[in-house]
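Me: I've got this one open on my screen and I'd like a close look at a single part rather than a grand tour. Take me to the spot where aromatic rings meet, then fill in whatever helps me place it in the rest of the protein.

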Amino acid sequence: MLQEERDIKLIVLDEIDQLRTKDSTLLDRIFGWPTLPKFHVIVIGVSNGLDLTTKLSLRSAGKTPKKLHFTPYSAEQVTAITARSIHKEGISVHPTAVALCSKRVANRSGDIRMAFSIVKRSVIAAESPSKKLNRSEGSENEPADLPPVDNGVKISHVQAVMSEQSSTKTLSTLPTQQRILICCGLLLSKAKKPITVGALDSKYSEIRSSQGLPPLSQTDVVHFCELLASLGVFSLKKNSKNVRLSSVSFKSEEEAEFNVVGKPMMDSILNGTIGGGV
């Protein structure tokens, strides 16, 4: 059918990681369709793995699919989206509580569904303070079917929900950039090299340049190290004279590695396929 039609067909494949086979044959065939004569096709694949295109053999022929990297929502964007939904639902939520929620979401994953989940559970807590928070309560996809709130959602309600949520989350929910920094630290540690902010920054730069990832400023690296320290991954000892010499260590190297292995990109970094090791 594709050979006979002259109109361009647009094919969008979500969760394309699920089509990934050991030899990438299926994906090679799919992404090869636009290169065939009389195949008027545009293929768009949506993947959670940033290294997917590097696994396709098409790259050897100079026909690597173009990669568009969509960064997670920033705190400002999460605030704007959440505030619109709250206004639409007619709910009273303290602005500082919204900002607090947005910062947490942006630092963790940038996934707007997490913000909606926090808001919904905070509303439930505000409506019935004596009601125990239920981890399985509601859907994370939208803040719909929210109960009425008389006095509004306070900062304390959001803090309580986030505290409850933090106890159930693992490092697997961290954004890609933070997981890569953990891998960088593991590589430096295994090579018996000192782990510093500067060393992490340099190693991340090597990896991101080969994967087309957005750069991190030195301030970003310090911020992520502080965040990972708050989550019990890193210990950070700042150098007041030269921030690049700030010392970083693992609180539990084994636990950190356990939480990043199993992800194709992270495994490739740790075995030296991406970034060339140390």
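Reply: One cut-off before we zoom in: a residue is called buried when its relative accessible area is under 20%, and exposed when that area is over 50%, with partly exposed in between. Keep in mind that this is a predicted model.

Now to your rings. Phe234 has a relative accessibility of 0%, so it lands in the buried class. Phe250 comes out at 14%, which is still under the cut-off, so Phe250 is buried too. What do these two have to do with each other? They make up an aromatic pair, and the structure holds just one such pair. The ring centres of Phe234 and Phe250 sit 5.2 Å apart and the ring planes meet at 70°, so this is an edge-to-face arrangement; the angle needed for that label is over 60 degrees. Phe234 belongs to strand 3 (residues 234-237) and Phe250 to strand 4 (residues 247-250), so the pair links parts that are 16 residues apart in sequence.

Let's step back for the overall layout. The protein has 10 helices and four strands, and reading from the N terminus the order is β-α-β-α-α-α-α-α-α-α-β-β-α-α. There are 278 residues, 40% of which count as buried. Of the contacts with a separation of 6 or more, 67% are between residues 24 or more positions apart. On the outside, the protein exposes about 15700 Å², and 51% of that comes from carbon and sulfur atoms.

There's also open space to look at. The second largest pocket holds about 350 Å³. Its lining counts 16 residues, and those closest to the pocket centre are Pro72, Tyr73, Ala106, Gln177 and Phe224. Helix 3 (95-108), helix 6 (176-190) and helix 8 (218-230) are the elements giving two or more residues to that lining, and helix 8 has the largest share, with three residues. Sorted by class, the lining has nine nonpolar residues, six polar ones and one charged one.

Gln177 is worth a click. This residue lies in helix 6, and at 19% relative accessibility it falls under the cut-off, so Gln177 counts as buried. Leaving out residues up to four places away in sequence, Gln177 touches Tyr204, Pro214, Leu216 and Phe224. Phe224 turns up again here, as one of the residues closest to the centre of the second largest pocket.

Two other residues help you get your bearings around these helices. Thr96 is in helix 3, and with a relative accessible area of 41% it is partly exposed. Its C-alpha atom is 8.5 Å from that of Lys154, although the two are 58 residues apart along the chain. Lys192 is in the loop between helix 6 and helix 7 (197-211). Its relative accessible area is 75%, so Lys192 is exposed. The backbone of Lys192 has a phi near 60°, a positive value in a residue that isn't glycine.

Technical notes:
Residues are numbered from 1 along each chain as its sequence is written. This is a predicted model: local features need pLDDT of at least 70, side-chain atom pairs count only at pLDDT 80 or more; totals for chains, interfaces and linings use all residues. Side-chain values use heavy atoms; hydrogens and water are left out. Rings of Phe, Tyr and Trp (its six-membered ring) pair if their centres lie within 6.5 Å; planes under 30 degrees apart count as stacked, over 60 as edge-to-face and the rest as tilted. Buried means under 20% relative accessible area, exposed over 50%, partly exposed in between (1.4 Å probe, protein chains only). On a 1 Å grid over the protein atoms alone, a cavity is a set of points where a 1.4 Å probe fits but cannot get out, and a pocket is an open set with protein on both sides within 12 Å along at least five of seven lines; lining residues have an atom within 4 Å of a point. Grid points are joined across faces, edges and corners, and a volume is the space filled by probe spheres set on the points. Ala, Val, Leu, Ile, Met, Phe, Trp, Tyr, Cys and Pro count as nonpolar, Asp, Glu, Lys and Arg as charged, and the others, Gly among them, as polar. Contact means heavy atoms within 4.5 Å. Accessible areas come from the Shrake-Rupley method with a 1.4 Å probe; for residues, only the protein chains shown count as cover.
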